[in-house]
Amino acid sequence: MIFDWFKRKQEDESKSVSLPSPLNLRLGSAVELDLLPFQMIREQLGFTLPEGIQTIEAAGFIDLGAGASLCRFYTSDDGFIQISTSGGYETQNIDDIKFFVFAQTHNIASESGASLWVSDSGLIGDKRFELNETDYRRVWDEAVSGRIEPVNFAETVHSRDESVTAYDVDHLAMLYQRQISGSERYEYLLASLEFSGEDEATAVVSLGFDLDLSAMTIT
């Protein structure tokens, strides 16, 4: 049973714990994004570009094994900066930076509801993913024909609000993409079934884009 796989794993940690801070991103920091290159294609995007200064309200950390990790910095405007690193958190260890905004969320309260997203015929892991009549193709294991198993990873989330204890979220996820017409840029779709409690699950669909290091001013 899908819900039996995941249990709440809240941590009783001191807020003084040292958290990874690639590019000096951290709880409470402010990030100004230079998105001028996207203005010409904004009408073709499936989401609204973020505006103004983004404040980091929460940070999530994912150990992918073999020295690889994902760091997610969640903003007050329903988005997050995702930084992929390998071998450390210094700038030279950064492999990829993306900015995602939350496009859809679906609360899941039953096994049948979860199966719509993760099963032999589920949405997450299929070769294609359609959102608002737009087709995205799978990035991970793209050469494999047909459906593959979603990628499972655990994220530990820390809030800027010191009254909120750090907690774990288990993900079953898959990354998709489409090339923007007339552009060399891609729009990404991240689909994930997220478990933050024994009987609590949320299907989350996020849309995003590659973010250049030079496009961020962090204070």
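**Overall build and selected residues of the predicted protein model**

Of the 219 residues in the protein, 46% are buried. The structure described here is a predicted model. Its secondary structure consists of two helices and 12 strands. Read from the N terminus, the order of these elements is β-α-β-β-β-β-α-β-β-β-β-β-β-β.

The overall dimensions were examined next. The C-alpha trace spans about 50 × 45 × 30 Å along its principal axes. For a compact globule of 219 residues, a radius of gyration near 17 Å would be expected, and the value for the protein, 17 Å, agrees with this. The contacts between residues at least 6 apart in sequence were also considered; 57% of them join residues that are at least 24 apart. The surface exposed by the protein amounts to about 11200 Å², of which carbon and sulfur atoms supply 45%. The protein carries 16 positive and 37 negative charges, and the mean positions of the two sets are 3 Å apart.

Aromatic side chains were then analysed. The count of aromatic pairs comes to 10. In one of them, the ring centres of phenylalanine 47 and phenylalanine 209 are 5.8 Å apart and the ring planes meet at 5 degrees; the pair is therefore stacked, as planes under 30 degrees apart count as such. This pair links distant parts of the chain, with the two positions 162 residues apart in sequence numbering. Phenylalanine 47 is in the loop between α1 (36–39) and β2 (53–65), whereas phenylalanine 209 is in strand β11 (residues 200–210). Both phenylalanine 47 and phenylalanine 209 are buried.

A further stacked pair is formed by tyrosine 74 and phenylalanine 102, with 6.5 Å from centre to centre and 5 degrees between the planes. Here too, distant parts of the chain are linked: tyrosine 74 belongs to strand β3 (residues 68–75) and phenylalanine 102 to strand β5 (residues 94–108), 28 residues apart. Tyrosine 74 has a relative accessibility of 15% and so counts as buried. Phenylalanine 102, by contrast, has a relative accessible area of 32% and is partly exposed. In addition, ring pairs link Phe38, Phe47, Phe99 and Phe209 into a cluster.

Histidine 171 lies in strand β9 (residues 167–179). With a relative accessible area of 1%, histidine 171 is buried, because buried residues are those under 20%. When neighbours within four places in sequence are left aside, the residues in contact with histidine 171 are Arg72, Val151, Asn152, Phe153, Glu155, Ser192, Leu193 and Glu194. The separation of histidine 171 from alanine 203 is 32 residues in sequence and 9.6 Å in space, taken from C-alpha to C-alpha.

Two loop residues were examined for their backbone angles. Alanine 66, in the loop between β2 and β3, has a positive phi of about 55 degrees, although this residue is not a glycine. Its relative accessibility is 92%, and alanine 66 therefore counts as exposed, the cut-off being over 50%. Glutamate 133 is likewise not a glycine, yet has a positive phi of about 65 degrees. Glutamate 133 is placed in the loop between β6 (128–131) and β7 (134–138), and at 77% relative accessibility this residue also counts as exposed.

Definitions and conventions
Residues numbered from 1 in each chain as written. Predicted model: local features only at pLDDT ≥ 70, side-chain atom pairs only at ≥ 80, totals over all residues. Heavy atoms only, no water. Helix = DSSP H or I, 4+ residues; strand = E, 2+ residues; numbered from the N terminus. Rg over C-alpha atoms; globule rule 2.2 N^0.38 Å. Buried < 20%, exposed > 50% of the residue type's maximum accessible area, 1.4 Å probe, protein only. Contact = heavy atoms within 4.5 Å. Areas by Shrake-Rupley, 256 points an atom, 1.4 Å probe, with all protein chains shown as cover. Lys, Arg positive; Asp, Glu negative; His and termini not counted. Charge placed at Lys NZ, Arg CZ, Asp CG, Glu CD. Phe/Tyr/Trp six-rings, centres within 6.5 Å; stacked < 30°, edge-to-face > 60°.
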